[in-house]
There are 4 protein chains.
Amino acid sequence: MADLRIGMIGYGFMARAHSNAYRKVSNFFPVKRKPVLQVACARNEASARSFADTWGYQTIETDWQKLVQRDDVDAVDICAPNNLHCEVALAAAKAGKMILCEKPLAMDVEQGRQMVEAVKKARVPNMVWYNYRRVPAVTMAKELIEAGKLGRIFHFRAKFLQDWTMSADLPQGGQGLWRLDVGAAGSGVTGDLLAHCIDTARWLNGEVDQVSAMTETFIKERKHNLTGKVEPVGIDDACAFLARFQNGSLATFESTRYARGHKAQYVFEINGQHASIAWDLQEMHRLEYFDHRDEGPLRGWRSIHVTDGEHPYMSHWWVPGLQIGYEHSFVHGVADFLEGLETGRAAQPDFADALATQRVCQAVLESARQGKWVKV
Amino acid sequence: MADLRIGMIGYGFMARAHSNAYRKVSNFFPVKRKPVLQVACARNEASARSFADTWGYQTIETDWQKLVQRDDVDAVDICAPNNLHCEVALAAAKAGKMILCEKPLAMDVEQGRQMVEAVKKARVPNMVWYNYRRVPAVTMAKELIEAGKLGRIFHFRAKFLQDWTMSADLPQGGQGLWRLDVGAAGSGVTGDLLAHCIDTARWLNGEVDQVSAMTETFIKERKHNLTGKVEPVGIDDACAFLARFQNGSLATFESTRYARGHKAQYVFEINGQHASIAWDLQEMHRLEYFDHRDEGPLRGWRSIHVTDGEHPYMSHWWVPGLQIGYEHSFVHGVADFLEGLETGRAAQPDFADALATQRVCQAVLESARQGKWVKV
Amino acid sequence: MADLRIGMIGYGFMARAHSNAYRKVSNFFPVKRKPVLQVACARNEASARSFADTWGYQTIETDWQKLVQRDDVDAVDICAPNNLHCEVALAAAKAGKMILCEKPLAMDVEQGRQMVEAVKKARVPNMVWYNYRRVPAVTMAKELIEAGKLGRIFHFRAKFLQDWTMSADLPQGGQGLWRLDVGAAGSGVTGDLLAHCIDTARWLNGEVDQVSAMTETFIKERKHNLTGKVEPVGIDDACAFLARFQNGSLATFESTRYARGHKAQYVFEINGQHASIAWDLQEMHRLEYFDHRDEGPLRGWRSIHVTDGEHPYMSHWWVPGLQIGYEHSFVHGVADFLEGLETGRAAQPDFADALATQRVCQAVLESARQGKWVKV
Amino acid sequence: MADLRIGMIGYGFMARAHSNAYRKVSNFFPVKRKPVLQVACARNEASARSFADTWGYQTIETDWQKLVQRDDVDAVDICAPNNLHCEVALAAAKAGKMILCEKPLAMDVEQGRQMVEAVKKARVPNMVWYNYRRVPAVTMAKELIEAGKLGRIFHFRAKFLQDWTMSADLPQGGQGLWRLDVGAAGSGVTGDLLAHCIDTARWLNGEVDQVSAMTETFIKERKHNLTGKVEPVGIDDACAFLARFQNGSLATFESTRYARGHKAQYVFEINGQHASIAWDLQEMHRLEYFDHRDEGPLRGWRSIHVTDGEHPYMSHWWVPGLQIGYEHSFVHGVADFLEGLETGRAAQPDFADALATQRVCQAVLESARQGKWVKV
């Protein structure tokens, strides 16, 4: 079958992670359709050229509008800042391209709705890169829940803690810092980090019914890289919320960029009737598991080193005991997307599913603004 | 100086912990006034006798009213269920006895207020047994904060998770199970477990400004041991709340008895500008500490084994590396109470301080009932 | 039944640990014969008096020869330095006293043999305080092995690491430092620390067949507190050895006082056909357990919080999740010794069993001296 | 500059790891000379073809003799079983090819000596793939030692524990199982696993002076895949040894394939005068560090998440907090080899350095055979 020719929009951190995934997938997974790095796009030609050289893209563009029209592109990968997701996606869908869009889906629910409609109308395969679903330990959590190991779920809790923006000297805006600029990012930790937690939570625990949230911006003004002026900070530095899920479970969520000592501590824990599971991104190759059905005195949290051939995705990598890392979750994403093209069962989350996560994010921000519980 | 003659009301778990503390304190701490186990009181004479024999109490009573009137009692220790705290304390204060009351202070703020007034009027030394302040690692957390190691505090989070009431067959009420009976306990995890978290939080992080809470009772009816009938369950099985502290920090609190795999996981974490600290009751002899001022590449969470002579309280025990346990926090409580008698600086929390914790508990329950933010 | 009147020889660290155990045991265990602190003995009268006051000993002696002759003493507890064990034990046995002797049994195998003979001849109950057998997690390890959970054992490894003697300024000899004086201690880490490891190993894994050892004294001379002069250091600062057990398993042992960062890291691990177990004194309330018979993908090391009522000894203490500490292992020792008096099944290790450990220690030192394998 | 055309001999686990490294290195490191996957070689043509297709090798060979003669090959990578290393290397050196040889260098010291001589004579760049030196946390350990953070080193200890060969049904010999066939592997855990430990130890702690070892083969006979018959097992299933290093430090080493619960637990710990470090392959992105110069009560083992830009190699990968895995150590190997070609400072270990490790392995096996200490 034909290769899958990728047009990449963006050249930052995420563009690297995706490019690496496209390059590696066929070395480790028996894919029928092999990704080819066809076009790299950046507004600045030198940036595009340099990125293309490093990764082996065959050509470059400096205008994403041209990229989405090219005949030699089968799939458009959107790694541009959040405020471009919608516009690019609508154009790509219109041009009949498959779309792989970095998360969060959009700036808000309204944009997300348009994007879902566009891909539906164009009938193009689409996926959003919520990569943590495909960390083997997280995928395994899903399998355990589906197999009924946990029974009724009582509690879900998630945190995503960082500390990289604590300095008041850090500016906002521009390459590498657009996540601090509300105009480009839409929100702060809610869209950047909690969106991951919410995606995982919805996948593992079903839909959220209502939320009560609070947000805070600890540093109120920062120099803006694009204007050169000190400007108000529009993003949330921290956000915490209570949630009730439709299955009756209670949940707490928290994210911040002001938690000293945590570079990327994304943890979740789920407490069920029979068993509990916990995971921490900082030891991403482990799943903690407690089973109440174990023999009484021998009950204890098991620290499962998720590197065996019988663990999700792991038969494709090395041998038991040898861990994979962050980047592999993206390789799994590509592998699943490609398999979805074969089987017709689209890899998740697609745009429609990611829209549901966007709804929760919006309800969270709304709840924080109003200081009251909000139905999703 | 004269001994301190103790009149103990109650003979359950807490009465054991306190009795042990009174017996041990003078073996390890240079106390001037040595506690003497004078009277043990239980409604049932056989229970009182058995408890007195085990612990070496010299006499017994079956009526607490008589105990508080005895001339040979200097201090009354209240280990009866929560719904008796107020009545006993008022009588003991009136009789001029010192009072050491198990937590939480009372059934509600109104009772607490009366108790504070009574001890003030009677000018009797008083203390509430929030023992976790005196786990050496927790005391050390306080010292680090006071020494400015953390700087401005951004986040506080605490959880107290258990799983012992998950069976629907467990009845409510009566000896050992009064904590499940709202009439005896006043509330569920909020007064039993979150009260501990709130006491520690207020001590370490100052006063709470406002809260948004949710509670849940997963099993709605249980057989009542006292009536023999199946009755509605009035306590909260789980409670989670968001809080804003007066110092501007954000906090999350959660407690439940439906968290499989956790017998008594009381953890807290505090994130400051310069450093963070974390503690877990299940490894209570350790304090986790991260200091951003450490040399860059060598930054990491330090796992401090709080067993050195220079750690709080530890010079009184064994040698470095050898851990103490749960019961020792009560010994420290007695030691501090006795020292307070000498110095005139009352050991904390006294009734007045514990009343402030009661106010937060009440605000939490109120917020959950009303589904909105409540000012403390 | 009559009380058990204790005559304590020594007033240092171990004398405190034992005294505490005698005082507490009847509060927590249903003992028939209650220990009474009858006589405390130290060469210096003020020391004896102060120790007796702190712990509630009724009388004092300054001459251990008198103590062992007293009619009001049922059992002699030997907490004097190692070089006195033999002489005191022989006299106590001759006087018909029960003997509880601190470990190691003696200075060498020859002394130990005399001691065993003496207690046999006198038919007096006797025990050596290898307390770590009675840490609940360690006792549980024994139960698991006896229940066949591990199957055939392939490997045993133990380490006991400390760092308290690394300073060259530390003198040797005298109160608190006699462990550094070969004349009082007999050896360094071998008798002080490895003896514990060997006792546990023999208990769990059977007898040692042969060993190959090396020892080192890193600091060759230290001021001697008794002579005031700089003298050669005769003890081993570090000792490591290979061992083959009679059951065919291979073992490694290591102890040192030059391991920065370890106050008292006594760890052992046992690998069996079906399961493995591991324990660390610094988290003494936990047992790590791996069972290969668990469902494949869910295999992992379980961290068992050994605080449940169904765990060894724990039903006597608090509630699940609340840990006990170092001192409790001695309480268990007294409880078992007392139970042994009732049942006639002597608590272990008795002198005869401790002699077998002494034999291994001697073979280890011999192997290090000769630089070759030595049969035990 | 010209590309570096690779001729790969072998198509198993290691051939995959190396091929992946060649493919990725230029995406992440600014290499001047880019590896090109030129020829894949396997005795079986279908295997060679399949491997070449998966990894993108441009051509294949079925005879390694031809491969080493090809003009379009700059560097030969030896991933064949150990018993072929010497012969292939001698031929490749003679043909003037650079050589990257999988570890251990050879079957014995004699072979190793010939290989060193051959590459010296041919003046060809050469390297042995002891990849664990290039796990960032391990490289960081080296940097800390070189910076004097540890001071004088007293102790080194290493273990490499596995459990994959415990079943008696596992045959020996042939593809995937040649490591169990002494004829192909030369030894068991000594050459396969301890060789890694020894390489790291020599790198970090200098040369070994003497050793005392023991080995064991728990399962004495296994079916041989090549002959179809049950044959004696010639490899060591387990090996432990004591060592004295030239710097005066004491060491223990152990490896086994009979340690239930350990897939690949390679751990080492180093205790120095001022600081200690520890590392575990199963959490390979962490370095544990204890510094005695930290403020007294705040001393503790720091768990360093080695994922910051200032950590070795990590600026080339993702962002702080996101871990890399096993395969990356090979990418670093290629990056360093290529850099060595530029700078003329050959990446280590080269053949000569790996020969020193081979000497220690041989002394270990010799010591076990003779049952006595052996000088290296």
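User: Across the interface of chain B and chain D, how many residue pairs are in polar contact?

Analyst: Bear in mind that this is a predicted model. A pair enters the tally here if both its residues are at pLDDT 80 or more. On that basis, the number of residue pairs in polar contact between chain B and chain D is eight.

User: Which element supplies the largest share of the side of chain B that touches chain D?

Analyst: There are two elements to look at, α6 (136–146) and β16 (301–305) of chain B, each giving at least two residues to that side. With four residues, the largest share belongs to β16(B).

User: And how many residues on that side of chain B are charged?

Analyst: The side of chain B that touches chain D has seven nonpolar residues and four polar ones. The remaining group, the charged residues, numbers six.

User: How much area is buried between chain B and chain D?

Analyst: Each partner puts 17 residues into the contact. Carbon and sulfur atoms give 50% of the buried area. The area itself comes to about 1,400 Å².

User: Which three residues of chain B supply 43% of the area it buries against chain D?

Analyst: We're after the trio that gives more than any other three residues on the chain B side. Those are P297(B), L298(B) and R302(B).

User: Which residue of chain D forms a salt bridge with R302(B)?

Analyst: Chain B and chain D share four salt bridges. In one of them, R302(B) has its side chain 3.6 Å, N to O, from its partner in chain D. That partner is D294(D).

User: While we're on chain D, how many of the eleven residues of helix α6 are buried?

Analyst: Helix α6 of chain D runs over residues 136–146 and is mostly covered. Among the buried ones are P136(D), V138(D), M140(D), K142(D) and I145(D). The full count of buried residues in the helix is nine.

User: Which residue just after α6(D) takes a positive phi?

Analyst: Look right past the end of the helix, where the phi is about 80°. The residue there is G148(D).

User: Over to chain A and chain B: how much area do they bury?

Analyst: The contact takes 42 residues from each of the two chains. Carbon and sulfur atoms account for 58% of the buried area. In all, that area is about 3,400 Å².

User: Which residues of chain A lose the most area to chain B?

Analyst: Three residues together make up 21% of what the chain A side buries. They are M214(A), F218(A) and R260(A).

User: Which residue of chain A forms a salt bridge with E216(B)?

Analyst: Chain A and chain B have four salt bridges between them. E216(B) counts as buried at 17% relative accessibility, and within its own chain it also pairs with K220(B) at 3.1 Å. Across to chain A, the closest N and O atoms are 2.9 Å apart and the partner is R244(A).

User: How many residue pairs are in polar contact between chain A and chain B?

Analyst: Again, both residues have to be at pLDDT 80 or more. The count between these two chains is 19.

User: Which strand gives the most to the side of chain A that touches chain B?

Analyst: Several strands supply at least two residues each, including β7 (153–161), β8 (208–216) and β11 (238–245) of chain A. The top contributor, with six residues, is β11(A).

User: How many aromatic pairs does the structure hold?

Analyst: This one is a tally over all chains, not just a single interface. The number is 116.

User: Is the pair F245(A) and F253(A) stacked or edge-to-face?

Analyst: Both residues are buried. The ring centres lie 6.4 Å apart and the planes meet at 25°. Planes under 30 degrees apart count as stacked, so this pair is stacked.

User: Which residue of chain C forms an aromatic pair with W55(B)?

Analyst: The pair is edge-to-face, at 5.2 Å centre to centre and 85° between the planes. W55(B) sits in helix α2 of chain B and its partner in helix α1 of chain C, so the pair joins two chains. W55(B) is buried at 2% relative accessible area, and the partner, buried at 6%, is F28(C).

User: Which residue of chain D meets E254(C) in a salt bridge?

Analyst: The side chains come within 2.7 Å, N to O. The pair crosses between chains, from strand β12 of chain C to strand β7 of chain D. E254(C) is buried at 4%, and the residue facing it, buried at 6%, is R157(D).

Note on methods:
Residues are numbered from 1 along each chain as its sequence is written. Chains are lettered from A and ligands numbered from 1 in the order in which they are written. This is a predicted model: local features need pLDDT of at least 70, side-chain atom pairs count only at pLDDT 80 or more; totals for chains, interfaces and linings use all residues. Side-chain values use heavy atoms; hydrogens and water are left out. Contact means heavy atoms within 4.5 Å. Buried area is the accessible area (1.4 Å probe) that two parts lose on being put together, summed over both. A polar contact is a pair of N or O atoms within 3.5 Å; within protein, one must be able to donate a hydrogen and the other to accept it, and residues adjacent in sequence count only if both atoms are side-chain atoms. Rings of Phe, Tyr and Trp (its six-membered ring) pair if their centres lie within 6.5 Å; planes under 30 degrees apart count as stacked, over 60 as edge-to-face and the rest as tilted. Buried means under 20% relative accessible area, exposed over 50%, partly exposed in between (1.4 Å probe, protein chains only). Ala, Val, Leu, Ile, Met, Phe, Trp, Tyr, Cys and Pro count as nonpolar, Asp, Glu, Lys and Arg as charged, and the others, Gly among them, as polar.
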